[in-house]
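Work through the exercises below with the sequence and the model side by side, and try each task before reading its solution.

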Amino acid sequence: AVFITMGISYIFLLYFASRVLWGHARARLILFIVILGVPFIQLSVTTHSYLDANILVRYILGIPGIFLTSYIFAHPAYVIHGPVYAAVKRCMYTIAGVFFVYGILAGVIVPKGSFFPASIINEETFKSLFNLPVQFFRALCAIVAGYAITQILRVFKHQSDFHLLKLSKALEASGDTVVITNAEGRIEYVNRAFERQSGYLAEEAVDQKPNILRSGEHENSFYEQMWKTILQGKTYQGILTNKRKDATFYHEFKTIVPMKNRHGQITNFVSTGKDITSRILFENELAKAAATDPMTGAANRLQCNRWLKSATDHARQSNSSVALIMFDIDDFKRVNDTFGHNAGDAVLINTAEIVHSVIRSHDMFARWGGEEFVILQIDTPYEGTIALAERLRTKIEQTQFRNIGHITISLGVAQFD
């Protein structure tokens, strides 16, 4: 059993040393050659003795395996890269020296055999020279190697702890929100930026699901598509409108990355979010400015044309109707000429306020230009539109405009069906 265990250990040592030095293909070739040589060792056992077979294994497998391993440790760049290299280089050299000495003590200093050189260079001659058994020095090598390996592991642990500390500080100092969940979507970690952004403390968020931030601004299909993407192992990127603890909304550019184990199974999701609320609000303001009349707050002519096209297209497809009321203020030029343009602007603003007070929330109101205004109604009976026009005319004519008195309007009603 000892003989077989020793042989297998030398074979693996030779294989992995070859793999580091020359790559997978050559290492497999060497392993194949070694396996082919096993019958010759068996033949040696049958024709000689187990002792001679033991010596052959040490010579054929032990010496190259141990010395190649020593060579690898003497050149740490084969196995270690990066900042940890300098920290463990001395320990690696120590292990290289230990393996070299052990190669001599275990591969060259062998039990006394019946053939050369084992008949001359063996454990008995070594003991006669140093008055100590070779096993003592082998054990000493093992102790030194164990100490060096312990130091290497300590360096790796220190480096690992240091990198984790740096990563933790970077995450805490980041201005972007970071959320880590398990595979089921339950929160395991949030950084301080998340606490500031969402209003939830870490202890409140951990073990919850991210839907505590759901604002209701997105359809269920939006979240279904997001989950479908990340469960396929793909990275998701998109803009989310979330709700803070105080019920106010904010906008995030969200990136969600699935983390997988060595078997390709998703174990965690890492989510980062950049607050783009200011940008979204600015873009909304720009869009509103491009579609709104700045004086009256009604839609402008460009937006009205868009509405009109969309409404008529919808009417064609759904066999519904679109009603339009168009009106202007009578003798508006006289108002400007008599009372000044500031008074004329006030009339336009007050007229728009009156219109907003009589139309429905889903009716569309626009300033067509000058003192002309348009109201669009969808799927409204023609009689209802006529009634609205009459209410509007009556209310405007009954209103007392400051410094001006009463005004009248002229209007027309059309229906598309």
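**Exercise 1.** Determine which side chains make polar contacts with the side chain of Glu-252, and whether Glu-252 is buried or exposed.

*Solution.* Begin with the pair Glu-252 and Lys-254, whose side chains are joined by a polar contact of 3.0 Å, where a polar contact is a pair of N or O atoms within 3.5 Å, one able to donate a hydrogen and the other to accept it within protein, and residues adjacent in sequence count only if both atoms are side-chain atoms. Next, the side chain of Thr-177 makes a polar contact of 2.7 Å with that of Glu-252. Finally, Glu-252 has a relative accessible area of 1% and is therefore buried, a term that means under 20% (exposed is over 50%, partly exposed in between; 1.4 Å probe, protein chains only).

This is a predicted model, in which local features need pLDDT of at least 70 and side-chain atom pairs count only at pLDDT 80 or more, while totals for chains, interfaces and linings use all residues. Residues are numbered from 1 along each chain as its sequence is written, and side-chain values use heavy atoms, with hydrogens and water left out.

**Exercise 2.** Establish how many disulfides the model has, and whether Cys-91 and Cys-304 are buried or exposed.

*Solution.* Apply the rule that a disulfide is a pair of cysteine sulfur atoms within 2.5 Å; the count comes to zero disulfides. Then turn to accessibility: Cys-91, at 15% relative accessibility, counts as buried, and Cys-304 is buried as well, with a relative accessible area of 3%.
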